Amino acid sequence: MKILITGATSGIGRQLALDYHGEGHEVWAIGRNQQALSELEAKGIHTGKVDLTDRKNSLEWFASLESLDLAVLSAGTCEYIDLPDFDSELVARVMRHNVESMAVSIQGVLPLLRKGTRPHLVGIGSAAAYLPLHRAEAYGASKAAVAYMMETLRIDLYKEKIDVSLVCPGFVKTPLTDRNDFPMPFRISVEEAGRHIRDGIARRKLEIHFPKRFTCILKMLNFLPRSLLLRLAQRMVRK
Ligand SMILES: NC(=O)c1ccc[n+]([C@@H]2O[C@H](COP(=O)([O-])OP(=O)(O)OC[C@H]3O[C@@H](n4cnc5c(N)ncnc54)[C@H](OP(=O)(O)O)[C@@H]3O)[C@@H](O)[C@H]2O)c1
């Protein structure tokens, strides 16, 4: 397969790039960190130094490719709100990196996927979007937007036979979560996350969520009445 991965210089995207390359696929890895890109290139992976917040340059770069069978959009960031400062610049930054960058990537890869074989578009969201979580006003909202975008595209790309999957990971050990200063229940290795994602992609699952022992709890909690959910969340915050 011809596979493009954004956010491939670190964490989940990097793992997927290495694994797919190891399986013999032709991989294009996108990121900004030149050293990480050079390391991937030394292994025989095509690379692109692309800042996805730069729409014009990004679209020009995508247009230089011919076709794709699979695009995995993993580029993203995470920042938390710390009240009493509701930092709207932080919100804008998170939206720019997680939502606008995703939109630019989608605009870039769709014409390429239309020329591919059994094309498949995969967006990395987050289990954080299942529930309102402490300090996640910006990150959770950005990932809810990603989920909505991917699920809507699934409807609208159906006629063109482009499959769309949404990935909703729980905590995965990457540089992104290494910054966190709070307990991360059921955090899994990036290798395990890569296996879950590749397995879900191979089976063309609509939603790929893991680890189930964490994501299923969040999904069940979401069925609770909002007042009860609020009391539980408040109790956790007080602890
Ligand atoms: N780790 C988790 O527990 C977890 C859980 C749920 C969801 N996720 C999601 O999974 C995705 C990957 O996360 P991760 O943990 O692997 O994070 P990570 O290790 O911090 O990697 C983030 C990647 O995104 C790239 N990136 C960010 N902004 C970019 C931009 N403007 N243009 C181009 N590339 C950009 C980074 O590139 P450079 O380093 O080259 O700048 C890097 O390759 C994110 O969307 C994240 O929200 C992660």
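A residue counts as near the ligand if one of its heavy atoms lies within 4 Å of it. The model described here is predicted. In this model, 30 residues surround the ligand. The closest of them are Thr-9, Ser-10, Arg-32, Val-172 and Thr-174.

**The ligand shell**

Sorted by class, the shell around the ligand holds 15 polar residues, twelve nonpolar residues and three charged residues. Three helices each supply at least two residues of this shell: H1, which spans 11-22, H5, which spans 137-156, and H6, which spans 175-178. The most comes from H6, which gives three residues to the shell.

Backbone atoms of the protein also lie within polar-contact distance of the ligand, for which the cut-off is 3.5 Å between N or O atoms. The table lists three such pairs, each with a backbone N or O atom on the protein side.

| Residue (backbone N or O) | Ligand atom | Distance |
|---|---|---|
| Asn-33 | oxygen | 2.7 Å |
| Leu-52 | nitrogen | 2.9 Å |
| Val-172 | oxygen | 2.7 Å |

On its own the ligand has 890 Å² of accessible area, and the protein covers 93% of this. Val-172 appears twice in this account: it is among the closest residues to the ligand, and a backbone N or O atom of Val-172 lies 2.7 Å from a ligand oxygen atom.

**Helix packing**

H5, one of the helices that supply the ligand shell, also packs against another helix, H4, which covers residues 88-113. The angle between H4 and H5 is about 20 degrees, and their axes are 8 Å apart. An angle under 35 degrees counts as roughly parallel, and H4 and H5 are therefore roughly parallel to each other. Their crossing is right-handed.

H4 packs with H3 as well, a helix formed by residues 55-63. Here the angle is about 20 degrees and the axes are 9 Å apart. That makes H3 roughly parallel to H4. The crossing of H3 and H4 is right-handed.

**Backbone geometry in the loops**

Most residues other than glycine have a negative phi, and most peptide bonds are trans. The following sites depart from that pattern.

Leu-83 and Pro-84 are joined by a cis peptide bond with omega of about 20 degrees. Pro-84 sits in the loop that runs between strand S4 (70-73) and H4. A cis peptide bond also joins Phe-210 to Pro-211, with omega of about -15 degrees. The loop that holds Pro-211 lies between strand S7 (207-210) and helix H8 (212-221).

Positive phi values occur at Arg-135 and Phe-186. For Arg-135, phi is near 70 degrees, a positive value in a residue other than glycine. Arg-135 belongs to the loop between strand S5 (120-124) and H5. For Phe-186, phi is near 60 degrees, again positive in a residue other than glycine. Phe-186 is placed in the loop between H6 and helix H7 (190-202).

Two of these loops adjoin helices already described for the ligand shell: the loop of Arg-135 has H5 at one end, and the loop of Phe-186 has H6 at one end. Both H5 and H6 supply at least two residues of the shell around the ligand.

How values were computed. Residues numbered from 1 in each chain as written. Predicted model: local features only at pLDDT ≥ 70, side-chain atom pairs only at ≥ 80, totals over all residues. Heavy atoms only, no water. Polar contact = N/O pair within 3.5 Å; in protein donor to acceptor, adjacent residues only side chain to side chain. Areas by Shrake-Rupley, 256 points an atom, 1.4 Å probe, with all protein chains shown as cover. Helix = DSSP H or I, 4+ residues; strand = E, 2+ residues; numbered from the N terminus. Nonpolar A, V, L, I, M, F, W, Y, C, P; charged D, E, K, R; others polar. Axes fitted to C-alpha atoms, helices over the stretch in contact; angles between N-to-C directions. Parallel < 35°, antiparallel > 145°, perpendicular 65-115°, else oblique. Left-handed = near helix turned anticlockwise from the far one by under 90°.
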